[in-house]
Structure formats: C-alpha cells, structure tokens
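Dear colleague,

Please find below the structure that I am handing over to you. My notes on it follow the display.

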Amino acid sequence: MSQERTTGKWTPGQIVLTALGTAVSAAWLSPLLWALFTSLKSETEAVAVPTHWVPEDFTFQAWRAIFETGNITDWFVNSVVVSVCVTFVVVLVSALAGYGFARTEFRGKNALLGLVMAGLMVSPAVLGVPLFSTVQSMGMVDTYWGMILPQCAPAAMVYILYKFFQGVPKELEEAAFIDGAGRWRVFFTVVLPLSRPSLAAVGIFTFIASWNNFLWPYMVTNNPDLMTMPNGIATVMNSYGIQWAQLMAGGLMAGLPLIIVFVFFQRQIVAGVAHTGLAGQ
C-alpha cells in the first residue's frame, strides 16, 4: 500500500513539467480558439472595441458568406490535387536521389551533392521570376503542372533521406545481392520498407508546405477555378474588404486539413524526425 501511495504522488519536477506543458499548450491553442470564436461573431461584433473572446450572439453568418461568395469546393480540390502530386513526386525523387548519393560511387558525386545542398541557401522568393519565365515559356501558366513542378525541387528532403540511407546497414543489401536481387529490387523491397518513418515524415512535411504555399500559386495562375485555398480566400478578402469574421472562418477552413493530418499522423512525424536525427549522428 505504501509503495502504491508513493507512486501516486506527484514529484515537484512532474508538477513543474505539467504546468509548463499546460502553459505551452494554452499558448498554442489560444489563436485557434480566438479564430473560432471570432468566426462565430457578426462582423459588427468582430470589430467592436473593447474586444471579447466569447460571442454575445453566436452566428454562422461568416461561414455562410465564405461558401456563398467563394468557390470553396474547387479551391479545396485544387489544393488537394496540387499537394498530393507534389508530395508524391518529392518523396519519389528524394528517395531515389538520396539512395543514389548514399550507396553509389560515380565521378563528380561530391560536386553534384554540393550543388544540391547549395539549393538550401537560395530563397524560393529569389527564384520566383526565373521560374515564372520558364513556366511561361513552356506554356504551363494557369495549369496544374505549372503549380506542381516548380515545387518539386526537394534539396532539403534529398539530404534528409541521404543521411538516413547512410545509416541503413549495408549487410542487409549485401545479403539480398547474394540471393540474386538487383539494385532496383533491393531498393524497393529492402531499403524502402526500412525507411517508412523517414519517408512518412518527408511526405507529411512536404504536404504541409505545399498546402500552405501562397506565393507560387499566386504568381502562376489568375484563373479563379485553379486557385488553391490560401489564394482563393485571400481573393475573397481583397474583393470584399477586410471582413474579420470571414477571414477567421476561411483561415480555419484552410487549416483544418493540416490539423487532421497532424492528429492522425503525429506518430509518423515524431518517428520520422527521431529516425532522421539518429541517422545524422
């Protein structure tokens, strides 16, 4: 009994850590709660001074306005199509390139790897004009491909998987080679199954980055039917002025899929980050 009572007591360290965790969680959740409560206010109440958290009169006026004034369904589908395609291409290219750098020797390998890593030092905003000129010359403005392909240059993801593949024991691949498997079979049947946590992390981070990408889709398309969620919602806000309740409702609509992805794939995210960190030790 005494042992159970001792185990059930909270130590000062546990109390401090719990208090810190609660404070950090509240700090992260408070903007979401503020956005939710603001979206349930009327526009007059949303801009009233002094401000208050809980609406005096709950209304879905802002949510109805978002669906009535904007083509939310098309924007959502466009975001899904672009993000899924970008994620698939980035994961495939990063895995192939990372494995090639980690396991094969060829002339100019270090120079090529350095060139890939140099891409980490260049801001995407700097590449906007040359990328747009290239896409325009190829006739891909106002197309899905114009939004997808320029986002598929994953220097950081190549490096992450490159470091992970270096940590995979070579003995596993050598055993498969002895059994008569070729390089491609070893890659798809031995290496990739071992890389699921890192591949999942790369895929999830790429999906989130592509979903939140505002600048490039804004540059490459003016067609309202091809706009993604961030661009479409910004267009509605610009057309009708700053409507704070609608702005919060649109922001929650755009962020809801990312919240769902994190809730269902948080284990893969943590495991992928952990495996990637261990591979670089």
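To begin with one residue: does aspartate 142 count as buried, partly exposed or exposed? At a relative accessibility of 31%, aspartate 142 is partly exposed; buried means under 20% relative accessible area, exposed means over 50%, and partly exposed lies in between, with a 1.4 Å probe and protein chains only. This aspartate sits in the loop between helix 7 (128-137) and helix 8 (144-148). Although aspartate 142 is not a glycine, its phi is positive, at about 60°. Helices here are DSSP runs (H or I, at least four residues), numbered from the N terminus.

Before going further, please note the basis of the work. This is a predicted model, in which local features need pLDDT of at least 70 and side-chain atom pairs count only at pLDDT 80 or more, while totals for chains, interfaces and linings use all residues. Residues are numbered from 1 along each chain as its sequence is written, and side-chain values use heavy atoms, with hydrogens and water left out.

The average pLDDT (the predictor's confidence in each residue, from 0 to 100) of the protein chain is 82, and 90% of the residues score at least 70. Over residues 1-6, pLDDT stays under 50, and the model has zero contacts (heavy atoms within 4.5 Å) for them beyond four places in sequence.

Two residues bring together parts of the chain that are separated in sequence. Asparagine 78, in helix 5 (residues 72-103), is buried at 2% relative accessibility. Beyond its neighbours within four places in sequence, asparagine 78 contacts Tyr144, Asp225, Leu226, Met227 and Thr228. The C-alpha atoms of asparagine 78 and threonine 228 are 5.4 Å apart, although their positions lie 150 residues apart in sequence. Proline 230, in helix 14 (residues 229-239), is also buried, its relative accessible area being 18%. With the same neighbours left aside, its contacts are Ser79, Trp211, Asn213 and Phe214. From proline 230 to tryptophan 75, 155 residues away along the chain, the C-alpha separation is 8.5 Å.

Helix 11 (residues 183-194) takes part in two helix pairs. Axes are lines fitted to C-alpha atoms, for helices over the stretch in contact, and angles run from 0 to 180 degrees between N-to-C directions. With helix 12 (residues 196-212), the axes come within 5 Å and cross at roughly 70°; the two helices are therefore roughly perpendicular, a term for angles of 65 to 115 degrees. Leu192, Pro193 and Leu194 of helix 11 meet Arg196, Pro197 and Leu199 of helix 12.

With helix 5, the axes of helix 11 are 12 Å apart at an angle of about 105°, and this pair is therefore also roughly perpendicular. Ala95, Leu96, Tyr99 and Arg103 of helix 5 face Arg183, Trp184, Val186, Phe187, Val191 and Leu192 of helix 11 in this contact.

Finally, helix 4 (residues 61-69) has Ala62, Trp63, Ala65 and Ile66 buried. These residues lie on the same side of helix 4 because they cover an arc of only 160° around the axis, taken from the directions from the helix axis to the C-beta atoms. An α-helix has 3.6 residues a turn, so residues three or four places apart point the same way.

With kind regards

Technical notes. Angles under 35 degrees count as roughly parallel, over 145 as roughly antiparallel, 65 to 115 as roughly perpendicular and the rest as oblique.
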